[in-house]
Amino acid sequence: MLKLFLPNQHVKSVLQIKPEELIERGVKGIITDLDNTLVEWDRPDATPELIEWFKLMQEHGIKITIVSNNVEKRVKLFSNPVGLPFVHQARKPMRKAFRRALRDMGLQKDEVVVIGDQLLTDVLGGNRLGVYTILVVPVAQTDGFITKFNRKMERRILAWMKRKGMINWEE
């Protein structure tokens, strides 16, 4: 059961994810979380570096869809200026929003990666669907109330995984 919380890969930032590596793996699409994955949860806009990363992925033919548990207003204000489709109030780790993103991109689950900063929503949801998952270090050190609770649970899960030798990265 706890293996469902184990990401396939761990990176410090989405900016470390290179399109060439994704293409080599057969990836044609990215389903990504928004808050604390792409930008801080209280930052309304994409950073210039992130905009360049979006363009780079798209230049390599990699589609991107944002799947967020946040409300429509928040996700729309971020997504529309950068021209990315999105699913709001996704209820991750439920699979419905992930399936919708796959359908909207016209891709199969083996052609997509899920990127996020939380084990209990992004990684669990992606793994339940059978998609390659990439955990990123949160871009902000502060969180909303529910996320603070999730982070406590995640620390326990990660500590158990480290003791069992399942992960070897340092945060």
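**Reading the sheet and the cores**

A: In this predicted model, β1 and β6 run parallel and are joined by three bridges.

Q: Which residue of β6 is the bridge partner of Q9?

A: The partner of Q9 in β6 is I134.

Q: In what order do the strands form the sheet, and is the pairing parallel or antiparallel?

A: A sheet is read by following its strands from neighbour to neighbour. Here six strands make an open sheet with parallel pairing, and the order is β1-β6-β5-β2-β3-β4. At the edges are β1 (9–11) and β4 (86–87), each of which pairs on one side only.

Q: Which strands does α2 lie across?

A: The helix α2 lies across β2 (29–32), β3 and β5. Relative to β3, α2 runs at about 130°.

Q: Where do nonpolar side chains tend to be in soluble globular proteins?

A: They tend to be buried together. In this model, the largest nonpolar core contains 26 residues. Those with the most contacts inside this core are I30, L50, W53, F54, F78 and I115. Two or more residues each come from α2 (48–59), β3 (63–67), α3 (72–82), β5 (112–116) and β6 (132–136). The largest share, four residues, is given by α2.

Q: Which residues does I30 touch, if those up to four places away in sequence are not counted?

A: On that basis, I30 touches L22, W53, M57, I62, K63, I64, T65, M105, V113 and I115.

Q: Which residues does the second core include?

A: The second core, separate and made up of 14 residues, includes V67, A101, L107 and V131.

Conventions
Residues numbered from 1 in each chain as written. Predicted model: local features only at pLDDT ≥ 70, side-chain atom pairs only at ≥ 80, totals over all residues. Heavy atoms only, no water. Core = buried A, V, L, I, M, F, W, Y, C linked by side-chain atoms within 4.5 Å. Buried < 20%, exposed > 50% of the residue type's maximum accessible area, 1.4 Å probe, protein only. Contact = heavy atoms within 4.5 Å. Pairing = 2+ DSSP bridges. Axes fitted to C-alpha atoms, helices over the stretch in contact; angles between N-to-C directions.
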